[in-house]
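Colleague: Please take one buried residue of this model and look at it closely. Then work outwards from there to the chain around it and to the partner chain.

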Amino acid sequence: MSATLAPEVRSVDGRSADPASARRSPRRPHSPLRPRKSVAFTLLMSIFILYSLVPLAWLVINATKTQSGLFSSFGLWFDDEFVLFQNIWETLTYRDGIFLRWFGNTLLYVVLGAGGATLLATLAGYGLAKFRFAGRRAVFAVVLGAIAVPGTALAVPTFLLFSQLGLTNTPWAIIIPSLISPFGLYLIWVYAVDSVPTEILEAARMDGAGEFRTFFTISVRLLAPGIVTVLLFTVVATWNNYFLPLIMLSDPTWYPLTVGLNQWNAQATGVAAQPIYNLVITGSLLTILPIVIAFLGLQRFWQSGLSAGSVKQ
Amino acid sequence: MTIARTAARRTLAVAATAALAVGALAACSTGADATGGGSPDDLDAALEAGGELTYWSWTPSAEAQVAAFEEAYPNVDVELVNAGTNTEEYTKLQNAIKAGSGAPDVVQIEYYAMPQFALADALVDLGEYGLDELEDQYSASTWGSVNVDGKLVGLPQDSGPMALFYNKTVFDQYGIAVPTTWDEYVDAARRLHAADPTKYITSDTGDAGFATSMIWQAGGRPFEIDGTDVTVSFQDEGTEKWTGVWNQLVEEDLLSTTPGWSDEWFKGLADGSIASLPIGAWMPGVLESSVADAAGDWRVAPLPTYDGTAVTAEHGGGGQSVVKQSENPALAAAFLRWLNSDPASIDVFLESGGFPSTTADLEDPEFVGLESEYFGGQKINEVLTQASKDVASGWSYLPYQVYANSIFGDTVGQSYANKADLNEGLADWQSQLVEYGNEQGFTVGE
């Protein structure tokens, strides 16, 4: 849009008002709205785009092939037969529709796990940002430390703990560990410090609002972009959670999609192998769709969240 | 896809060993179990009384077998759980044993992994229920695989005596005769790859199960176990015979680098770019169901040898065991007896394309004489049942073979990747296995 702006101004009276600027016009002026184009960076970005889009394209293309078509056709182009819908149907009905069951499980873990994690992170982050109490620094140190420990490292100790409690092989074994999101807590905390002015809270208290009312009617709205950001992170993390359910669950009826699809994939190995790569690929495509939709739907909150507070208003 | 899978497996293996393999020996000390004192009569009584069992298996025939069992014994309720294919299941089983609860009553375990669970004292000695009397019913090599340290820790289900599966269409096209010795095999590899650089005699990127079976056939016995005393040595004559042959294929770049069991691998089997497979006798079922496009192309021949004397090794295959955590071990043992010795169960298993371990079936004229349509009418079972008689004896796996196999890629696999001497990779594997074994409380010599 901005690229056409300059010529339009000049064409008001049909000719250039300033000969000097007319001579300069082949050299495009650079401004924050129209930054200088760098060949190297464009090339680099193109490589990154290819890098991220080729696997997606591969997935979409190969979800349209039969099992034998996968073996006999070129990977990045379509086979003669187009069986996408048949593949989807087979994926949804294979082994009495276990895929739908896994889909439901994943949804359950995401709603309770990611939803709960966001709620807890919001409550705790806000509390730590806006209230002064003894031990705040200690909590801060613990949270920062917790961010540094990867979840994978905790999976086995968590398993042993849960098996003592008799919780392994139940949905709780996935949901409870998902409720903890130190990174989300930290994000809300940092965000709340700037985006919820203490003056507003004081005004609300003066008007007689209780702490909970202040939180839910005022602070939550101010925190919304931050909450959505945390929600996105936790949703993606729970949706893609693989290692924890792999260790915790041995009964396929409680598997999430990630572990279930890997089980289908592993079927192709060894004695009595039954490869169903077409279903694995179609299943993977179906698995990433909701997360793509969630991202597209939530990203506008996210963008406004990232820029909020960056400029003093 | 395959890279992700390998990475995931590695993570799994590391995690499994990090915290859980410790449990292997810890379980030894708490082995004061309640089982024991059973008898064959107990099994019949248990079937009569009925009860509930959990059975972990990834075998495709398991579902139909359980259904047939429940029909025959309506008082028994068997819950079939597919807890994952091979290593995934072993990790979960090891987890459950370490945790003290959550293990199934009956579990599918491949032969190579059985010593690991047996020596961790996690499996019931089926001799206590008189199942050792079934010895005559099974081929000698599979029976040897389920007897660990003087105990009967499982009953064999399938077996995998190795044979050479080759693509006759490709062999004929380039005028290559079916090799009977490994020297001829290397020669065939050179000629095929020279004639068409897109074609390879076989694919091998370093697979522990394959390598150990090849060493087994060559007469190598790298692992020796006596209680907690273990010896690991790849410097014996047999191992060097195998590396002498295989080094030529690796160093001259005559092996396809397509990883086994990947989609590309199946593709290679279908289009002829992988022209042969030295592999277990269970392969026909896999070829028929998963490489259907190549029907008529494949044939089976005895595994090539070093000196012309027929000898082969077991590759893959496994059985089922009763876990000590079981609250009803007599019923579990009764189910297992039915599963792996009752003709009704074995018929279901054979129908699914499995290769039996039971001598009655291995000698059944109908089975032996079967003309396989997929193999162009060849009586493949004549070759395969002969192979099951030619399996060399005296082999044993490590009591931590699952871990050992998981680090094969990082050690011997490097020799494959660098087209370098396999003996160096094996030496590296050996030193890591010695170190790990000692850490686990075994006394490991070289």
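Modeller: This is a predicted model, and the residue chosen is A:M248. A:M248 has 25 C-beta neighbours inside 10 Å; the threshold for burial is 20 or more, so A:M248 counts as buried. The residue belongs to helix α12 of chain A. Setting aside neighbours within four places in sequence, the contacts of A:M248 are A:F159, A:F162, A:T168, A:A173 and A:I174. Separation along the chain can also go with separation in space: A:E211 is 37 residues away from A:M248 in sequence, and the two C-alpha atoms are 39 Å apart.

The helix that holds A:M248 also takes part in the contact with chain B. Helix α12 (243-248) is among the elements of chain A that give two or more residues to the side touching chain B, together with α4 (67-72), α7 (151-165) and α13 (257-266). Of these, α7(A) provides the largest share, 5 residues. Two of the contacts of A:M248, A:F159 and A:F162, fall within the range of α7 (151-165). Overall, the contact draws 30 residues from chain A and 41 residues from chain B. On the chain A side, the residues are 16 nonpolar, 13 polar and 1 charged.

As for the chain around A:M248, chain A has 14 helices and 0 strands. Of its 313 residues, 32% are buried. Among contacts in chain A with a separation of 6 or more, 72% join residues 24 or more positions apart. The UniProt record, an unreviewed entry, places the feature "domain: ABC transmembrane type-1" at residues 103-298 of chain A. That span is 78% helix and 0% strand, and its end C-alpha atoms lie 21 Å apart.

Helix α10 of chain A gives a contrast to the buried residue. Helix α10 covers residues 198-206, and of its 9 residues 0 are buried. Just after α10(A), A:G208 adopts a positive phi of about 95°.

On the partner side, the domain assignment divides chain B into domain 1 (41-159 + 316-363) and domain 2 (162-313 + 377-444). The centres of these two domains, taken over C-alpha atoms, are 28 Å apart. Their contact takes 19 residues from domain 1 of chain B and 21 residues from domain 2 of chain B. On the domain 1 side, α5 (87-99), α6 (114-119) and α7 (140-146) of chain B each supply at least two residues. The residues of that side divide into 8 nonpolar, 10 polar and 1 charged.

One helix pair in chain B can be described in more detail. Helix α11 (residues 237-251) and helix α21 (residues 422-439) of chain B pack with their axes 9 Å apart, at an angle of about 125°. At that angle, α11(B) is oblique to α21(B). From α11(B), the contact uses B:T239, B:T243, B:W246, B:N247 and B:V250, and from α21(B) it uses B:L422, B:N423 and B:L426. By class, the residues of this helix contact are 4 nonpolar, 4 polar and no charged.

Note on methods: Residues are numbered from 1 along each chain as its sequence is written. Chains are lettered from A and ligands numbered from 1 in the order in which they are written. This is a predicted model: local features need pLDDT of at least 70, side-chain atom pairs count only at pLDDT 80 or more; totals for chains, interfaces and linings use all residues. UniProt positions are given in the numbering used here, feature names are shortened, and annotations may be inferred rather than shown by experiment. Helices (H or I, at least four residues) and strands (E, at least two) are DSSP runs, numbered from the N terminus. Two residues are in contact if their C-beta atoms, placed from the backbone, lie within 7 Å. Ala, Val, Leu, Ile, Met, Phe, Trp, Tyr, Cys and Pro count as nonpolar, Asp, Glu, Lys and Arg as charged, and the others, Gly among them, as polar. A residue is buried if 20 or more other C-beta atoms lie within 10 Å of its own, exposed if 12 or fewer, and partly exposed in between; C-beta atoms are placed from the backbone. Domain bounds come from an automatic or database domain assignment. Axes are lines fitted to C-alpha atoms, for helices over the stretch in contact, and angles run from 0 to 180 degrees between N-to-C directions. Angles under 35 degrees count as roughly parallel, over 145 as roughly antiparallel, 65 to 115 as roughly perpendicular and the rest as oblique.
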